[in-house]
Amino acid sequence: MHSLCLQTIIRNLNLTYYEHYVTPLAKYPILDKVDIPNDLRNLTEEELIGLSHELREFLISSVSKSGGHLSAGLGTVELTIALHYVFDTPTDKLIWDVGHQAYPHKILTGRKDKISTIRKKHGVTPFVTRAESEYDAFGVGHSSTSISAALGMAIAAAINNDEKRTVAIIGDGGITGGMAFEALNHAGALDANLLVILNDNDMSISPNVGAMKNYLAKILSGKFYTTVKEGSKKVMANMPSVWELARRTEEHVKGMVIPGTLFEEMGFNYIGPIDGHDLPTLVKTLSNLKDLQGPQFLHIVTQKGKGYSPAEADPIGYHGVSTFDPSKEKLPEKVPSSATYSEVFGQWLCDMAKENDKLVGITPAMREGSGMVTFEQQYPEHFFDVGIAEQHAVTLAAGMACEGLQPVVAIYSTFLQRGYDQLIHDVALQKLPVLFAIDRAGLVGPDGPTHAGSYDFSYLRCIPNMVIMAPADENECRLMLTTGIQHKGPVAVRYPRGKGPGVTISNTLDSIPIGKAVTLREGKDIALLAFGSSVTQSLEVAEEFNATVINMRFIKPLDEDMIKHIASTHNTLVTLEENVIKGGAGSGVNEFINQASIDTKVLNIGLPDLNLEHGSREELLQEAGLDTQSIKNYISSSLNKTNT
């Protein structure tokens with residue numbers, strides 16, 4: 001296929017994808033010449049524009065086969081090309097916030113041929129990772145960290161008398177996080193050569209909320225942005241050069257051209273907003289900003305899902321996708337199946353709200369992922385999405401609880417780590433009745449270690465006044481949530497990603513007695529004390545050893561009477577949990593047995609003391625020794641050692 005014809009097809013966004021079956025060399029003549037950023041620096045302006053079209057097409061084709069994050073990367077194609085064209089990477093440092101938008105960056109920095117392995121075991125990592133590439137200057141996974149990290153690098157460059165430049169790229173969702181403003185506040189008071197780029201696409205995983213979102217919208221609705229959007233090249237040509245503009249100190253002159261902003265007041269030289277899909281303007285602007293001294297702030301406007309109409313129409317749906325057919329206008333229909341734990345929580349929340357007008361639901365920008373969409377629709381006055389602000393979410397709940405409301409904080413295990421101080425001081429220390437519905441606990445698979453919920457048993461168990469539960473199945477999750485909302489103190493209900501074993505879910509709002517385990521199988525000699533998601537595997541393992549199986553249900557308080565009884569009638573106790581062994585539920589059993597001077601053998605099985613990388617959940621369970629066969633092998637090996 002002639003390259004000009006191919007570019008014409010792409011430019012017109014005629015995404016019929018019959019090119020899908022053409023050989024790569026025929027499909028991507030410019031991209032095939034670019035393996036590392038040095039290669040693209042030899043391209044002409046026309047070739048750079050052609051590269052942007054090919055890169056976008058390549059990204060769609062690749063992610064459709066591998067699954068992964070799509071919409072964000074489609075929106076940063078031109079920005080990524082411009083950054084690597086202008087800056088001397090990897091000497092100059094690019095710090096991406098979160099990393100959802102970094103797929104184009106990975107493709108242009110030596111990982112093009114491996115991008116189809118992304119999120120797979122031993123494949124390309126799902127987020128930016130220092131160990132993977134010298135172009136990945138800082139590892140990311142949680143939001144709002146980029147400016148702090150980039151400022152640290154810029155300060156180091158100044159101390160080391162190094163001329164390297166540092167750039168932080170952050171989205172309009174990430175910049176609402178408190179940590180981002182802490183970094184901006186600090187950076188504005190320094191002379192470090194830091195460039196912050198606000199990628200404003202008016203879309204995080206959940207819709208943006210708060211005053212900052214309204215502030216940006218106010219700017220973007222003005223004549224300046226409208227003019228830029230309709231013809232940024234013409235506007236920029238008629239404006240003084242960015243270089244000259246940055247040197248003007250008269251406030252009335254700058255105010256005539258650039259919107260007055262919070263960022264100026266914080267000590268940054270603000271430029272923008274400009275069209276983030278206008279590649280020549282991006283290159284020119286970045287080239288000018290590169291040579292300026294001190295903190296700079298560039299505000300660009302992009303479209304999430306740019307260049308692929310289904311993703312433009314549904315950027316949330318195409319944020320993270322499984323494999324799909326890019327020639328179709330919609331993602332594959334989900335096959336009806338048993339409910340996920342998130343859906344169980346969402347239904348319980350709606351059912352409980354019918355009975356309890358004091359209940360309020362809080363989420364830090366995880367409305368869809370936590371299963372709260374229906375709750376928001378039915379009880380909008382009782383739903384609070386606080387944005388990417390986990391610390392605020394926890395203390396907000398504490399304040400609500402002080403005044404008689406019953407807050408439920410829906411949060412991922414990995415993100416609750418960010419609100420740990422608030423959990424201790426603002427909730428637990430004051431014994432406030434806040435229910436934490438902790439999703440994505442344990443291994444999460446393709447998203448890798450930054451998103452795994454590996455530590456919550458450990459970091460929650462040591463906090464006084466906490467009650468911690470882990471359901472073995474979907475219905476038990478519902479029972480525990482009701483138990484938690486009825487308790488007069490802080491409670492955590494911790495459940496995994498995805499589906500459970502598929503048990504029937506009751507539509508009642510029953511509860512269970514706090515601190516009481518249940519026996520699921522009677523055996524002899526060996527007793528398996530299982531917590532949460534490990535119960536299903538324990539029942540499978542027990543068949544081989546004729547072992548007793550106890551669904552412990554509570555990590556805190558432990559059912560000490562049950563442990564005493566089981567220890568008196570069995571030779572070996574085996575604790576199983578999908579949490580790190582160190583400080584986890586098994587450690588709690590060990591501590592009690594030691595304190596009670598019980599003489600019995602205990603084996604602890606859980607996540608090892610290492611970061612498990614990305615892969616399927618099944619692969620990671622096997623690597624951790626938590627799949628059924630590995631558990632059987634470990635128990636057999638331990639018993640053989642005891643008998644020899």
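How many aromatic pairs does the structure hold? This is a predicted model, and the structure in it holds 11 aromatic pairs. Let's look at one of them up close. The ring centres of Tyr-28 and Phe-58 are 5.3 Å apart, and the two planes meet at 85 degrees, so this pair counts as edge-to-face; the cut-off for that label is an angle over 60 degrees.

It helps to see where these two rings come from. Tyr-28 sits in the loop between α2 (24–27) and α3 (37–40), while Phe-58 belongs to helix α4 (residues 45–66), so the pair ties together parts that are 30 residues apart in sequence. As for their surroundings, Tyr-28 is buried, and Phe-58 is buried too.

Further along the chain, aromatic residues also gather in a group: one aromatic cluster is formed by Phe-263, Phe-268, Tyr-270 and Phe-297. A ring can have a charged neighbour as well. If you find Phe-457 in the structure, you will see Arg-494 lying over its face, at 4.0 Å from the ring centre.

Now let's move on to a pair of helices. Helix α25 (residues 560–569) packs with helix α26 (residues 585–595) at an angle of about 70 degrees, and their axes are 11 Å apart. That angle makes α25 roughly perpendicular to α26, because the range for this description is 65 to 115 degrees. On the α25 side, the contact is made by Glu-560, Ile-563 and Lys-564, and on the α26 side by Val-589, Phe-592 and Ile-593. Sorted by character, the residues of this contact are four nonpolar, no polar and two charged.

Technical notes:
Residues numbered from 1 in each chain as written. Predicted model: local features only at pLDDT ≥ 70, side-chain atom pairs only at ≥ 80, totals over all residues. Heavy atoms only, no water. Axes fitted to C-alpha atoms, helices over the stretch in contact; angles between N-to-C directions. Helix = DSSP H or I, 4+ residues; strand = E, 2+ residues; numbered from the N terminus. Parallel < 35°, antiparallel > 145°, perpendicular 65-115°, else oblique. Contact = heavy atoms within 4.5 Å. Nonpolar A, V, L, I, M, F, W, Y, C, P; charged D, E, K, R; others polar. Phe/Tyr/Trp six-rings, centres within 6.5 Å; stacked < 30°, edge-to-face > 60°. Buried < 20%, exposed > 50% of the residue type's maximum accessible area, 1.4 Å probe, protein only. Lys NZ or Arg CZ within 6 Å of the ring centre and 35° of its normal.
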